[in-house]
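Biologist: I would like a close look at a single helix in this model, and at one residue within that helix in particular. Please take me through that part carefully, and then set beside it whatever can be said about the sheet and the core.

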Amino acid sequence: MTVGRAFHVGVSGLLAYSQALAAISNNIANVNTPGYKRQTTAFSSLVGNAGGAGGLSAKTRQHVSQQGVAMSTQSTTDLSIAGAGFFVTTKKPEGVTAADSRLFTRTGSFLPDSQGYLRNDAGLYLQGWLADPMTGAITTDPSNLSSLSTIRVASSGGATDKTTRVGLGGNLDAAQAVSPAARASLSKLGAPESPSGAADYEITYSPTGQPNQYAVEIKREGVAISSGVAAYDTASGALIGYTPKGTATPVTSLTTAGQTVGLADLGLADKTDVAGLAVYDPASRSMADYARDPSIGVKPDFEMQIPISDSKGGDRSLTLSFIKGPGPNEWFAELRARPGELANTANGLISSGKVTFTNDGKLLDTGGLLTGDPPSIAIGGSDPSATGSAPRWADGLGIAAQTIKIDLTGATGGLTQLSAPSQAGNVEANGAAVGELTGVEIDAQGYVTATYDNGVVRRIAQVAIATFPNPDGLQAVDGGAYKVTSDSGGYHLGAPGQGGAGDIAPATLEASTVDLAVEFTDLISVQRAYSACSRIIKVADEMLVELLDMKR
């Protein structure tokens, strides 16, 4: 080796150990930086001409795959990853396109910004899959960064939860007198018969619980001769048919002891007589009508109020009304909204039926009041273009459809008919009015859940985790983040805990992987090596001086 080459060897050593010193200094400076990954410097020898020594080179690399210890914090939106994944972030919260860069980080110190977007201390916005606003479902896509959105937790505003389930308890007094509207009679004196003569008849009407339909009992000269069901046309009120009990064929006349009387002569040909008796009918003389106008409806024997919430968090109220039927264990019932709250039903009627009980007072059947399994009612959404008679919310309310499951058997004993005063029991209903955000939590599977002061708990997103074939090949950028390189390989997106992505530990931050004891030891070693390289230059300089002095 020539003296001149010795100079170059010494300089290469100074440069290499200066680079190592810079890496150690960076490690020491970031000993308390969450998510920081320790850097090391690898040295390799250089070979000069003819195989002689040529000095050394240095290359600094960051141990991105090294796992740091999870440190507990007081923030529920602080996150660390126990595994090989990275949070996906962007530099801006909105308007992110495929051309915008995505950065990957282990720094999970996220907090809502002024608009409610989750952002870490380096100003990077957390990405994830958002929940469907209607169904709450979250669909993950492992290969499409464009499917991700910035996770936003509104810092103001509220959340609602419409009622979908009601449990109702209470008692109907078994000793309640039969309502006058549930059984009424009139006489037809001297009704003509054929082939000759006339007779006195008594006609008794009772509701069946179905619109425009009545149970009819007919007596001739005080002796019962027929009972059955009479059905009438909704528009005209004309008799559709009278079907005697035990038969399936409607009749137009009745024959007793050789004498025949026409139904028209008994007043059954239309609803004129039964309307005059003010018999209960959910279609034309209902309890819902009474709530709207007492002069045209039937006063209930008992009512229960059911508070519910609509899709906008508005307070609504359903009323369950009863009148005592003629049978010992039957009541006629209606469910209604407040008058004016339904688009196509002025009195608010939703459903009606005949509720029956067992001999020991337990609910036996709701008789059309509720349908389906489990029993429920359906109210359509506000829709000015909708047609039909099915109940739906008024157009001016602008609220969504609701199907409400109503349990009349499980809520604190359910609905009973016992020898005790009629009284409403507990009402257990889900749903909530408008509530303000009170907290945000993120669980180990990355689900972001918002809690509101009205009791609503809503899953709003899931954090996405990116993994790489060679995470140590990622290129570090400012803010403790990394970007993809050819050495790292392409990303794969996954939900926490799946495909090697690792679980998320909420309310923790990943500590720096720097060990001060190791760094100080390496610092001493680098300092000695740097001094030795400077000595090489000094000695080479002295030898060169000796060489020049030979000429003198």
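Modeller: In this predicted model, helix H4 runs over residues 516–549, and its 34 residues reach 49 Å from the first C-alpha to the last, which is close to the 50 Å expected at 1.5 Å a residue. At its N-terminal end the helix is capped by Asp515, a side-chain oxygen of which lies 3.0 Å from the backbone nitrogen of Ala517. The buried residues of H4 are Glu519, Val526, Ala529, Cys533 and Ala540, and what covers them includes helix H1, residues 3–29.

The residue to examine in this helix is Asp522, which has its place in H4. Its relative accessibility is 28%, and because buried means under 20% and exposed over 50%, Asp522 counts as partly exposed. Leaving out residues up to four places away in sequence, Asp522 touches Ile24 and Arg38; with Arg38 there is a polar contact from side chain to side chain, at 3.1 Å. Ser147, by comparison, is 375 residues from Asp522 in sequence and 45 Å from Asp522 in space, taken from C-alpha to C-alpha.

Turning to the sheet, 5 strands form an open arrangement in the order E20-E21-E22-E23-E24, with antiparallel pairing. Strand E20 (302–309) and strand E24 (363–365) stand at the edges, and since each has a single partner strand, one side of each is left without a neighbour in the sheet. From one strand to the next, the twist averages 30°. At the E24 edge, the pairing with strand E23 (residues 349–357) is antiparallel and extends over 2 bridges, and Asp365 in E24 is the bridge partner of Thr356.

Several of these strands also contribute to the largest nonpolar core, which has 29 residues, and the members that touch the most others are Leu318, Leu320, Phe322, Leu335, Ile377, Ile406 and Leu408. The elements that give two or more residues to this core include E20, strand E21 (315–324), strand E22 (330–337) and E23, together with strand E12 (165–173), strand E25 (376–379) and strand E26 (402–407). Ile406 can serve as an example of the contacts made here: with its neighbours within four places in sequence left aside, Ile406 is in contact with Val166, Leu335, Leu370, Pro375, Ser376 and Ile377.

Note on methods
Residues numbered from 1 in each chain as written. Predicted model: local features only at pLDDT ≥ 70, side-chain atom pairs only at ≥ 80, totals over all residues. Heavy atoms only, no water. Pairing = 2+ DSSP bridges. Helix = DSSP H or I, 4+ residues; strand = E, 2+ residues; numbered from the N terminus. Axes fitted to C-alpha atoms, helices over the stretch in contact; angles between N-to-C directions. Core = buried A, V, L, I, M, F, W, Y, C linked by side-chain atoms within 4.5 Å. Buried < 20%, exposed > 50% of the residue type's maximum accessible area, 1.4 Å probe, protein only. Contact = heavy atoms within 4.5 Å. Expected span 1.5 Å × (residues − 1). Polar contact = N/O pair within 3.5 Å; in protein donor to acceptor, adjacent residues only side chain to side chain.
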